[in-house]
Amino acid sequence: MLQDLTDAEQMALAQCRHAVLGADRPLSLDCGVDLGPYRVAYQTYGTLNDDKTNAILICHPLTCDQFVAERHPVTGKDGWWESLVGPGKVLDPARYFIICVNVLGHCMGSTGPLARDPATGQPWNLRFPVVTIADMVRAQAALLDHLGIPDLFCVIGGSMGGMQVLEWAATYPGRVFSAVPIACAAHHSAQNIAFHEVGRQAIMADPEWKGGDYRLHQTVPARGLAVARMTAHITYLSEQALQRKFGRALQDRNALGFGFDADFQVESYLRHQGSTFVDRFDANSYLYITRAMDYFDLAGAHGGVLANAFRGSSTRFCLMSFTSDWLFPTRESREIVHALNAAAANVSFVEVASDKGHDAFLLDEPEMFRTLSGFLKGAAAVRGLRQAA
Amino acid sequence: MKGESAVPAAIRVDLQLIADMVAPDTRALDVGCGDGALLAYLTNFKRVDARGMELSQAGVNACVANGLSVIQGDADADLRAYPDNAFDYVILSQTLQATREPREVLLQMLRVAERAIVSFPNFAHWQVRLRMAFGGRMPQTTSLPYKWYDTPNIHLCSIDDFRALCRDLGVRIERAIVLNSKSRPIHMPPQLANLFGEQAVFMLRRD
């Protein structure tokens, strides 16, 4: 299964662990396809204790991956949640066994559209089955089975990672002692689907995309993917943050250029975001992962009543949202809180004041760290988990 | 407040009275839990599965950072989300007078739990009466420190008013403790208690 990897995948797999699962028991995907064998790339930090009670699963968002707290093998940048994970940090590998799994359909080593269909030997590309958030979580659960980890002390994630956290709590309540869904929602809103559709259309409108078979034609739909990233990136920020960061400042010039170069700093910034994204992300993967988010509707999967997803749950929940996040506004977190109340679940909810928009959950937000630290301390006390002094 | 400490830390007298009414190993919801002092006490010293609801975001964040299970919300709007009998007790301490619909809140409390513990300032306390009768101004006292224009207390009542409401609602009063201005329990017949009590703590039970 390790043939035909892209350079990025090879670099990723050289720096993390992976397992090939489902050879005997394929993964039953929501779309009806049985997928197997499939590869799951994952990274771990820390050590599983003897009681196997200190495992924490981090679920990564759309464009992040399993390299949570280390130099990224492809981009060379710091880990995306290094502010949270590391020695002396809230999620300290000295205390917890931290796992992050590259989601199904992604492009950092787990099986996705880049892989080959074992039945035909041909690259999947757009013939890869559409996967859902629930499928991603099933693959993660299969990996835990493979690793012999019965349950998780905590499942944490923001944005799409938060959706996975909710799915985990709903599908495997007995395996989730505590859950921290951050800056997310129980379903993707019409506006969010709309933004994703713009991104997908940009990719598919790129002539280099070739119906998804660009690798066969040795092309890269770089422009389409870059535009998709630029659009999405705006939704991760806030009007205030953009204004503060760029205002109407000009880029490398003193006067307007009267043309269509990047006159404004904000344009140059977005172009940079777009072009660097292309180096690390696969266009087809982008289609698949955004689709998975669009399809997410936890209430819909439970008879239209969100509380049904959590009935009888003994999981301890801690939700967090950010005041300036308009992609996953506080209102949507509050809906989840109300559903958890209706299910009489143990829930905490904190709205963090920040003007940094949706991206706040990836940034240095002391209030978020304090909340998470306190919540985990409380949960660890209940679970009887030894705490470092 | 640390869980490993054997001696209960001191909490406000009225909170201590409430805490003493809660049986160990039960489930309780503290509505308007403030900084979480009562929640922490119930969790640490009575092994209560204690949850909180608080209006101020700063209060909520402080509680959660201390490991307590608290959400942002208010009694009027958010009690409705809980199912029947989700708790053994719902506690409303010094908050009833600030709710929009105290009657409805009481009913919701006794739907969500069999018992409700309510504490509130007594608007018929002699100091209040004096200030109103002879000062001719809206009363300001230690338990009612606000000016008329900035008070959150929109539904003040006396101890007798509260008893009357309980009667109307068919709610059984299991215990009533009246506190003087030094927060000490006083033992007097109801008419005098309504005059000398500065605040009261009631334990109600659904009939």
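This is a stop-by-stop tour of a predicted model, with something to select at each stop.

**Stop 1: the two domains of chain A**

Colour chain A by domain. Domain 1 takes in 7–189 + 297–383, and domain 2 covers 193–290. Put a marker at each C-alpha centre: the two centres lie 26 Å apart. Now show the contacts between the domains. Domain 1 of chain A contributes 26 residues, and domain 2 of chain A contributes 18. Which classes of residue make up the domain 1 side of chain A that touches domain 2? That side has 13 nonpolar, 10 polar and 3 charged residues.

**Stop 2: the sheet**

Switch to cartoon and pick out the strands of the open sheet in chain A. There are 8 strands, in the order E1-E4-E6-E5-E7-E8-E9-E10, and the pairing is mixed. Select 17–21 for E1 and 346–352 for E10 in chain A; these two strands stand at the edges. Each has a single partner strand, so one side of each is left without a neighbour in the sheet. From one strand to the next, the twist averages 20°.

**Stop 3: strand E5 and its partners**

Select residues 55–59 of chain A, which form E5. Add residues 154–158 of chain A, strand E7. E5 and E7 run parallel and are joined by 4 bridges. Within this pair, A:Ile56 has A:Cys154 as its bridge partner, and A:Leu57 has A:Val155.

Next add strand E6 of chain A, residues 97–101. E5(A) pairs with E6(A) in the parallel sense too, over 4 bridges. Here the bridge partner of A:Ile56 is A:Ile98. A:Ile56 thus has a bridge partner in E7(A) and another in E6(A).

Is E5(A) enclosed or open to the outside? Of its 5 residues, 5 are buried, so the strand is largely enclosed by the rest of the structure. Show the side chains to see both faces covered. A:Ala55, A:Leu57 and A:Cys59 are buried on one side, and A:Ile56 and A:Ile58 are buried on the other.

**Stop 4: a helix across the strands**

Select 133–147 of chain A for helix H2. Helix H2 lies across E1, E4 (38–45), E5 and E6 of chain A. Against E1(A), the helix runs at about 100°.

**Stop 5: backbone details**

Most residues other than glycine have a negative phi, and most peptide bonds are trans. The next selections depart from that pattern.

Zoom to A:Gly36 and A:Pro37. The peptide bond from A:Gly36 to A:Pro37 is cis, with omega near -5°. A:Pro37 sits in the loop between strand E3 (34–35) and E4 of chain A.

Move on to A:Lys52, in the loop between E4 and E5 of chain A. Its phi is positive, near 60°, although the residue is not glycine. With 15 other C-beta atoms within 10 Å, A:Lys52 is partly exposed.

Now go to chain B and select B:Asn85. This residue also has a positive phi, about 55°. B:Asn85 lies in the loop between helix H4 (75–78) and strand E4 (87–93) of chain B. B:Asn85 has 13 other C-beta atoms within 10 Å, so it is partly exposed.

**Stop 6: out to a loop**

Return to chain A and select A:Leu256, in the loop between helix H6 (239–245) and helix H7 (265–280). Is A:Leu256 buried or exposed? A:Leu256 counts as exposed because 9 other C-beta atoms lie within 10 Å. Finish by drawing a C-alpha to C-alpha distance from A:Leu256 to A:Leu147. The pair is 109 residues apart in sequence and 59 Å apart in space.

Conventions:
Residues numbered from 1 in each chain as written. Chains lettered and ligands numbered in written order. Predicted model: local features only at pLDDT ≥ 70, side-chain atom pairs only at ≥ 80, totals over all residues. Pairing = 2+ DSSP bridges. Axes fitted to C-alpha atoms, helices over the stretch in contact; angles between N-to-C directions. Contact = placed C-beta atoms within 7 Å. Buried ≥ 20, exposed ≤ 12 C-beta atoms within 10 Å, placed from the backbone. Domains from an automatic or database assignment. Nonpolar A, V, L, I, M, F, W, Y, C, P; charged D, E, K, R; others polar.
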